[in-house]
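Subject: Structure for you to look at

Dear colleague,

I am passing on the structure we spoke about, with the sequence alongside. Please have it open while you read the notes underneath.

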Amino acid sequence: SLAYNWQKGRYARGGSTITQQVVKLLFLDKDKTIMRKIREVSGALLLDLLVDKNTILEWYFNIVDFGSGVYGIEAAAHYYFATPAELLTIPQSILLASVVPSPNRWSGSLRAKELSPTGQQRFLSILTRMRSQGFIDRRQCRIALRTGNFGAPIVGADDSRCE
């Protein structure tokens, strides 16, 4: 991000950790300045000393923007899928996770209930990582491939991704 920003001659892309994002979202303004970045890093170092990573991640998902003015995983689950967060399916969870890096850009697929080709690639990337890291089993992965595009299959995906 630093090299990209230097090349553009402006603050075009962030490079924050989840902890830094929690500090920014909870305590800082949205101005893209060096001073705010220094505060963000300092706050993240302090937060890391005081709170464990699982709690920080929980906080993050309870405050992060999911697009359409929806903040937090519980609100997003209700808004996009009419269900509590604890009852989200694997495909629904992946769909929500896929918008987090840039909710204004990626939440259109959630609103339209149809993944674009790029959205399908993002879905496959997250699903593949979940499977390879052991968060889901082969059966769960196959079901997600067949239902991941709002009940329809992910185009061009085959079961070999789930082995």
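What follows goes from the whole chain to two helix pairs, and then to a few single residues.

Please keep in mind throughout that this is a predicted model. The protein chain has 10 helices and 0 strands, and read along the sequence it follows the pattern α-α-α-α-α-α-α-α-α-α. Taken along the principal axes, the C-alpha atoms fill a box of roughly 50 × 35 × 30 Å. Of the 163 residues in the chain, 34% count as buried, and among contacts between residues at least 6 apart in sequence, 44% join residues at least 24 apart.

The pair formed by H2 and H3

Helix H2 covers residues 18–27 and helix H3 covers residues 34–50; their axes come within 8 Å and cross at roughly 115°. An angle of that value makes H2 roughly perpendicular to H3, and the crossing is right-handed. On the H2 side, the residues that take part are Thr19, Gln20, Val22, Val23 and Lys24, and they meet Arg36, Lys37, Arg39, Glu40, Val41, Gly43, Ala44, Leu47 and Asp48 in H3. Sorted by class, this contact holds 5 nonpolar, 3 polar and 6 charged residues.

Helix H9 and its partner H6

Helix H9 runs over residues 117–132, and because a helix should advance 1.5 Å a residue, its 16 residues should span 22 Å, which agrees with the 22 Å between its end C-alpha atoms. The buried residues of H9 are Gly119, Gln120, Phe123, Leu124, Ile126, Leu127 and Arg131, and they pack against helix H6 (90–97) and helix H10 (138–147). After H9 comes Gly134, whose phi is positive, near 80°.

How do H6 and H9 pack? They do so at an angle of about 120°, with their axes 9 Å apart, which makes H6 oblique to H9; the crossing of the two is right-handed. Ile90, Pro91, Ile94, Leu95 and Ala97 in H6 meet Phe123, Ile126, Leu127 and Met130 in H9. By class, the contact of H6 with H9 has 9 nonpolar residues, with no polar and no charged ones, whereas the contact of H2 with H3 includes 6 charged residues.

Two residues to inspect

Gln92 lies in helix H6. Is Gln92 buried or exposed? Its relative accessibility is 18%, and because the cut-off for buried is under 20%, Gln92 counts as buried. Leaving aside residues up to four places away in sequence, Gln92 touches Phe81, Thr83 and Leu87.

Arg161 belongs to the segment after H10, and at 35% relative accessibility Arg161 counts as partly exposed. With residues up to four places away in sequence again set aside, Arg161 touches Leu124, Thr128, Arg131, Cys141 and Leu145. One of these, Arg131, is 30 residues from Arg161 in sequence, and the two are 8.3 Å apart in space, C-alpha to C-alpha. Arg131 is also among the buried residues of H9, as is Leu124, so you may like to view Arg161 together with that helix.

With best wishes

Methods: Residues are numbered from 1 along each chain as its sequence is written. This is a predicted model: local features need pLDDT of at least 70, side-chain atom pairs count only at pLDDT 80 or more; totals for chains, interfaces and linings use all residues. Side-chain values use heavy atoms; hydrogens and water are left out. Axes are lines fitted to C-alpha atoms, for helices over the stretch in contact, and angles run from 0 to 180 degrees between N-to-C directions. Helices (H or I, at least four residues) and strands (E, at least two) are DSSP runs, numbered from the N terminus. Angles under 35 degrees count as roughly parallel, over 145 as roughly antiparallel, 65 to 115 as roughly perpendicular and the rest as oblique. A crossing is left-handed if the near helix is turned anticlockwise from the far one by less than a right angle, and right-handed if clockwise. Contact means heavy atoms within 4.5 Å. Ala, Val, Leu, Ile, Met, Phe, Trp, Tyr, Cys and Pro count as nonpolar, Asp, Glu, Lys and Arg as charged, and the others, Gly among them, as polar. The expected span of a helix is 1.5 Å times one less than its number of residues. Buried means under 20% relative accessible area, exposed over 50%, partly exposed in between (1.4 Å probe, protein chains only).
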